[in-house]
Amino acid sequence: MADKVFALPNVQTPSVPVKINPDKCIGCNTCVETCQIDVFIPNPKKGAPPIILHAEECWYCGCCATDCPTPGAMEFNWPLPLKPRWRNKETGVVSQLK
Amino acid sequence: MGTWHDYLKAAGTPPEWPYPIKYGEETEVETDVLVLGGGIAGCWAAISAARNGVKVALFEKGDVRRSGAGGPGCDHWCNVPANPLSRVDPDEWAIEMINALGDYSNGIGIEIQCREDYDTLLEMEQMGGKIRDDKDEFVGAEGRDPETKLMFSPRYGAKAGYGAHPDWRKPGFNPPEKRNNVVIRIWGSTFKPILKRECKKLGVQIFDRVMATSLLNENGKQGARVVGATGINGRTGEFIIARAKATIIATAGSGQLWNIDMEHGGYSYMYSRNENGDGSVMAFKAGATITMREGSHPFGIASGLKHKWYTGGGDASYENVPIVDANNVKLDLVTQGWADAGAMNSPDLLQAVRDGVESGKFELPMFGDFAGMKPEESNATWNLMLNEESTTKIMVKTMTEGGFDHTRDQIMNYSFIEMQSPPQYYDAPRGGGILHDWNLKTTLDGLYAAGTAVFSPEDHSFAASTGRYAGRKAAAYAKTVELGEVCREQIAKEKERVLAPAMRSEGIEWKELHNGLCRVMQYYVSQYKTERLYNLALEEIARIEENAVPQLYALDPHKLMRSLETLSAIESAKIIIYAQKERKLSSPKLGINRLDYPEPDEEELKKYLLMHLENDEVVFERIPIRFWGNMKEQYEAHNQDYTGVYKG
């Protein structure tokens, strides 16, 4: 059976400033306390990953990912227009962050 | 995984607000010194006051651990002429700095910075902050002193200020033995959590997630002694009343008044939304004198719907990185590096490159040529400076993980693709702030200011050293007075104002209100300025206040905090317009281009325009620039009891 489809407003843009790996995140909420603008709220389920609530207020300071104590639990995710670009000087090939 | 709709899909219902809702509830606090704002200046103020033996409480809108512009980090400790390897005298350097910064700089703050910045840095080290290359990671980089392992930056190497030295293109310019050595590279990403730890160790009562909303005057009288402040918790909505013998405003500058897109404000703007200039507005409403609010400038370093500053090769803090064009032809620009003694590019140098693009001399896009640098310098720029400076730390991490190699690659530069900002996009006058004396006391008894809250503030170490200074001065004052009488009527009125948006569930939300205000600023207070345009702006703001503000609604305490910031932004906008109207002149330095008063009026420009409220009416005054007198003598007269680096 298909998943339930909710009637929702458009998703805020950008919406995913960090990607959280639910298999690794221990729900310690260090990121919730670190973020100066409350991008996250704690998950009602204790030990579960936090919820990204105010994604569009993120100023991309990166403190949540920098201070996350669990390796691999949180990956910083630049929005598409902000993904940095660079060039290999020798080959001239331009790359961009995935 | 992790988004709101992920949760909804899994749980079948939206999450409930995770914090207890406490609208209407109050907490009352009594303290000796109250600090508003827990960024760099606020933390230093709190620590310094506590070390001087008084009880301290601190309100911080975010969490002190990483809040403020300096939360993520900082790579330069500027103006440290008192360090042992400096080649300049601190008092003489302070004069050179204010000369370089030009009229309207803050001579009191600069003198404090020059005198006490090195002591402040050593105290940072005492607490555990990293200020030396003690692991020998950057051996071979220029500016590294092998004995002290301090690392100097090329900034201000040959002269004060950011402008290029007239001789910068001459061979042998800026040899190591002649450099000023006044700016030290630091590992600033370590600092903020340490400052919070120290605050806690000293017993500072920290109120995280509490936004200050107003100052309390003795007996509720505007202009009377400040005897405390009110705040609101952005998670619970609880109202906090603090009574204090002295209050220090250490809040951020105002921003984003012309930036109409609140969905994208965070990713193109240099500062976080929390930095809204609330402190200056609060001080003004309490009757304190503010100044320098008439300036405004086209978006420059703080961007504006362009790339986030620091993410393009060649942005600030890319010391020593040369910019090359698509064909690896080096542009004739300074690099903020050793070759040019840390100079930043001037408008004429940048214009010459733009002309070169149009004539075909240079081909787009440009790149920051890390691969073309001496490896030790490339390493120091990438792994020390960018890895420690604010929002670039995460850039270094993600780009390195994504395959960027600073020894092989070049980072794309965006400034020449984006070209200049549209003329209607301006930035709030960050130089605007609270007037203070040599004790960093404002014009109101009981009220002190530090960091970005003061007029014409400077950088991270300015915030640190003025915060530390204000802390000890406020503590000294607090020891001489009793708690003042608050006015319950003033508190009740403020509580009603603060909670009003939370009592409504429909109408206009904060983003629409903010954007409406920005449109006023874009249309009437941007490139061209006239009395008629100013009056139209004030009329339109009056309509916003009459029609939109009473409809402002907030569905939870977080949105309530943003709503209150927006109300504060409306006050900031009015203050800017009042001040510009009063200055009937044009001045590139102030960013005022009045078509109806095109002349500069040199006499008027030699004065600061001061403004304060009396019975809610704006009163203007003028004082001469450099009103602070002889900086060395004044500093010494006010600091005979200064004991230097903290000894525990």
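## Two interfaces in a predicted two-chain model

In this predicted model, domain 1 and domain 2 of chain B bury about 2,800 Å² between them, and carbon and sulfur atoms give 61% of that area. Within the part that domain 1 of chain B buries against domain 2 of chain B, W93(B), Y118(B) and L121(B) supply 34%, more than any other three residues. The contact joins 31 residues of domain 1 of chain B to 30 residues of domain 2 of chain B, while the C-alpha centres of these two domains lie 28 Å apart.

The domain assignment of chain B helps in reading this boundary, since both partners are made up of separate segments: domain 1 covers 26–73 + 92–121 + 188–298 + 429–478, and domain 2 covers 76–91 + 122–185. The same assignment also gives domain 3 (307–418) and domain 4 (491–624).

Polar interactions accompany the carbon and sulfur area at the boundary of domains 1 and 2 of chain B, with 26 residue pairs in polar contact, both residues of each pair being at pLDDT 80 or more. On the side of domain 1 of chain B that touches domain 2 of chain B, the elements that give two or more residues are α2 (40–51), α3 (90–101), α4 (107–127), α5 (191–201) and α12 (460–478) of chain B. Of these, α4(B) makes the largest share, with 10 residues. By class, this side of domain 1 of chain B holds 15 nonpolar, 5 polar and 11 charged residues. The rule finds 3 salt bridges across the interface of the two domains; a salt bridge also links E123(B) with R51(B), whose closest N and O atoms are 3.3 Å apart.

The second interface lies between the chains. Chain A and chain B bury about 5,200 Å² between them, 60% of it on carbon and sulfur atoms, and the residues that lose the most area to chain B on the chain A side are Q36(A), W59(A) and R87(A), together 16% of what that side buries. The contact takes 53 residues from chain A and 63 residues from chain B.

Between the chains there are 8 salt bridges and 29 residue pairs in polar contact, again with both residues at pLDDT 80 or more. The side of chain A that touches chain B draws at least two residues from each of α1 (30–34), β2 (40–41), β3 (51–52), α2 (63–67) and β5 (85–88) of chain A, and its residues divide into 33 nonpolar, 10 polar and 10 charged. In one salt bridge, the side chains of E57(A) and R562(B) meet at 2.7 Å, N to O.

The chains also share a sheet. In this open sheet, 5 strands run in the order β6(A)-β5(A)-β14(B)-β13(B)-β12(B), with antiparallel pairing. The edge strands, each pairing on one side only, are β6 (94–96) of chain A and β12 (323–324) of chain B. Strands of a sheet pair through backbone hydrogen bonds. Two of the pairings are set out below.

| Strand pair | Sense | Bridges |
|---|---|---|
| β5(A) and β14(B) (residues 409–413) | antiparallel | 3 bridges |
| β12(B) and β13(B) (residues 366–368) | antiparallel | 2 bridges |

At the pairing that crosses from chain A to chain B, R87(A) has Q410(B) in β14(B) as its bridge partner; R87(A) is also among the three residues of chain A that lose the most area to chain B. Within chain B, the bridge partner of V324(B) in β13(B) is F367(B).

Definitions and conventions. Residues are numbered from 1 along each chain as its sequence is written. Chains are lettered from A and ligands numbered from 1 in the order in which they are written. This is a predicted model: local features need pLDDT of at least 70, side-chain atom pairs count only at pLDDT 80 or more; totals for chains, interfaces and linings use all residues. Side-chain values use heavy atoms; hydrogens and water are left out. Two strands pair if DSSP finds at least two bridges between them. Helices (H or I, at least four residues) and strands (E, at least two) are DSSP runs, numbered from the N terminus. Contact means heavy atoms within 4.5 Å. Buried area is the accessible area (1.4 Å probe) that two parts lose on being put together, summed over both. A salt bridge is a side-chain nitrogen of Lys or Arg within 4 Å of a carboxyl oxygen of Asp or Glu. A polar contact is a pair of N or O atoms within 3.5 Å; within protein, one must be able to donate a hydrogen and the other to accept it, and residues adjacent in sequence count only if both atoms are side-chain atoms. Ala, Val, Leu, Ile, Met, Phe, Trp, Tyr, Cys and Pro count as nonpolar, Asp, Glu, Lys and Arg as charged, and the others, Gly among them, as polar. Domain bounds come from an automatic or database domain assignment.
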